[in-house]
Amino acid sequence: MNYSISIKDDCCIRCRRCEKACPAGIFAWNEGNMLVQKEQFCIGCGHCAAICPSHAVVHTLFPPDTVHEYAAGDLPTPEQVELLLKSRRSNRSFTSKSIPEDMLLRIIDAAYAAPTAQNIRSVQVVAVTDPVMLYTISALTVDSFAKAAKKLENPFIKLLLHRQMASVYAMIPKFKAMHRKLHDGKGDPVLHRARAVLFFCAPPDSRFGYADCNLAYQNASLMAESLGVSQFYTGFVLSGMKQDKKNQLIKTLNLTDVKIFAGMALGMPSFRFERYTDRAHSKPIIIK
């Protein structure tokens with residue numbers, strides 16, 4: 001990462017906020033002056049540029065046009081955030097309308113605004129809107145399930161694994177039904193005729209790839225909800241990828257040096273929910 005960090009002494013008001021905000025500890029107070037030390041440990045989070053009230057921090061990763069001011073009153077109220085969280089649903093009933101490009105881009109931008117471990121910023125969003133490719137994603141998924149079901153039904157394998165994998169064996173009839181439905185042209189049981197799919201990717205060896213990509217998914221999901229775009233998590237696709245040792249989906253999408261850790265199917269809803277229900281949950285554990 002190429003960057004430089006300095007303090008404009010004539011602008012600095014000695015509030016020491018940059019020192020307190022910096023997670024890497026690269027600012028040091030010395031005899032009434034703020035100094036930059038251990039610059040090489042900077043993780044590029046931008047806390048210093050965002051917290052300095054007098055614009056005294058000069059960080060080449062964050063020139064003035066990338067630092068934006070806002071007022072606390074501009075933020076949604078807690079009640080509005082709570083309503084968005086509780087009303088968000090995985091709506092799989094889509095119309096044939098395409099998702100407006102500006103909406104799709106805002107959803108992707110929201111994903112990139114999500115936090116990442118150590119501010120690595122290695123998440124990459126891949127957007128698929130081509131109808132042929134969307135069908136191929138569903139086909140690869142149901143085909144992987146069909147192949148897995150065939151292996152599991154081998155008498156010898158079934159004898160060994162049936163008890164340990166009873167829940168998986170219970171899903172085999174559903175896997176076969178999904179395969180028939182798609183290939184018989186009676187519907188799409190995987191993407192439900194979504195108009196777009198977003199895949200959240202990171203390097204295969206990323207220590208935090210799963211967490212970072214799923215945080216990005218959550219941001220994108222909430223932005224989609226606020227825009228009136230319906231979406232759901234592509235759990236079947238991700239599960240199908242695990243069954244496919246040849247990485248056919250990655251190859252079909254022509255992706256290199258990345259692994260898909262999360263996915264979202266999107267479409268314009270055929271109806272909107274006008275009420276939400278309380279969700280069952282375990283009792284929180286509060287340690288004081």
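This passage describes the overall form of the protein and the aromatic pairs within it.

The structure is a predicted model. Its secondary structure consists of 10 helices and eight strands. Along the principal axes, the C-alpha trace extends over about 80 × 45 × 45 Å. The radius of gyration is 24 Å, whereas a compact globule of 288 residues would have a value near 19 Å. Of the 288 residues, 36% count as buried. The accessible surface amounts to about 18,300 Å², and carbon and sulfur atoms account for 55% of this area. When contacts between residues at least 6 apart in sequence are considered, 75% of them join residues at least 24 apart. The protein carries 36 positive and 25 negative charges, and the mean positions of these two groups are 13 Å apart.

Attention now turns to the aromatic residues. A pair of aromatic rings is described by the distance of the centres and the angle of the planes. The structure holds six aromatic pairs. One of these is formed by Phe145 and Phe236, whose ring centres lie 5.7 Å apart. The planes of these two rings meet at 75 degrees; because an angle over 60 degrees counts as edge-to-face, the Phe145–Phe236 pair is assigned to that class. Phe145 belongs to helix 5 (residues 131–152) and Phe236 to helix 9 (residues 235–243), so the pair ties together parts that are 91 residues apart in sequence. With a relative accessible area of 3%, Phe145 is buried. Phe236, by contrast, is partly exposed, its relative accessible area being 27%.

A further aromatic pair is formed by Tyr217 and Tyr233. The centres of these rings are 4.9 Å apart and the angle between the planes is 90 degrees, an arrangement that is edge-to-face. Tyr217 is located in helix 8 (residues 209–227) and Tyr233 in strand 7 (residues 230–233); the pair therefore ties together parts that are 16 residues apart in sequence. Tyr217 has a relative accessible area of 7% and is buried, since the limit for a buried residue is under 20%. For Tyr233 the relative accessible area is 26%, so this residue is partly exposed.

The aromatic residues also form a group beyond single pairs. Phe145 and Phe236 join with Phe175 in one aromatic cluster. Within this cluster, the buried residue Phe145 and the partly exposed residue Phe236 form the edge-to-face pair described above.

Conventions. Residues are numbered from 1 along each chain as its sequence is written. This is a predicted model: local features need pLDDT of at least 70, side-chain atom pairs count only at pLDDT 80 or more; totals for chains, interfaces and linings use all residues. Side-chain values use heavy atoms; hydrogens and water are left out. Helices (H or I, at least four residues) and strands (E, at least two) are DSSP runs, numbered from the N terminus. The radius of gyration is taken over C-alpha atoms; the globule rule is 2.2 Å times the number of residues to the power 0.38. Buried means under 20% relative accessible area, exposed over 50%, partly exposed in between (1.4 Å probe, protein chains only). Contact means heavy atoms within 4.5 Å. Accessible areas come from the Shrake-Rupley method with a 1.4 Å probe; for residues, only the protein chains shown count as cover. Lys and Arg count as positive and Asp and Glu as negative; His and the chain ends are not counted. The place of a charge is taken as NZ of Lys, CZ of Arg, CG of Asp or CD of Glu. Rings of Phe, Tyr and Trp (its six-membered ring) pair if their centres lie within 6.5 Å; planes under 30 degrees apart count as stacked, over 60 as edge-to-face and the rest as tilted.
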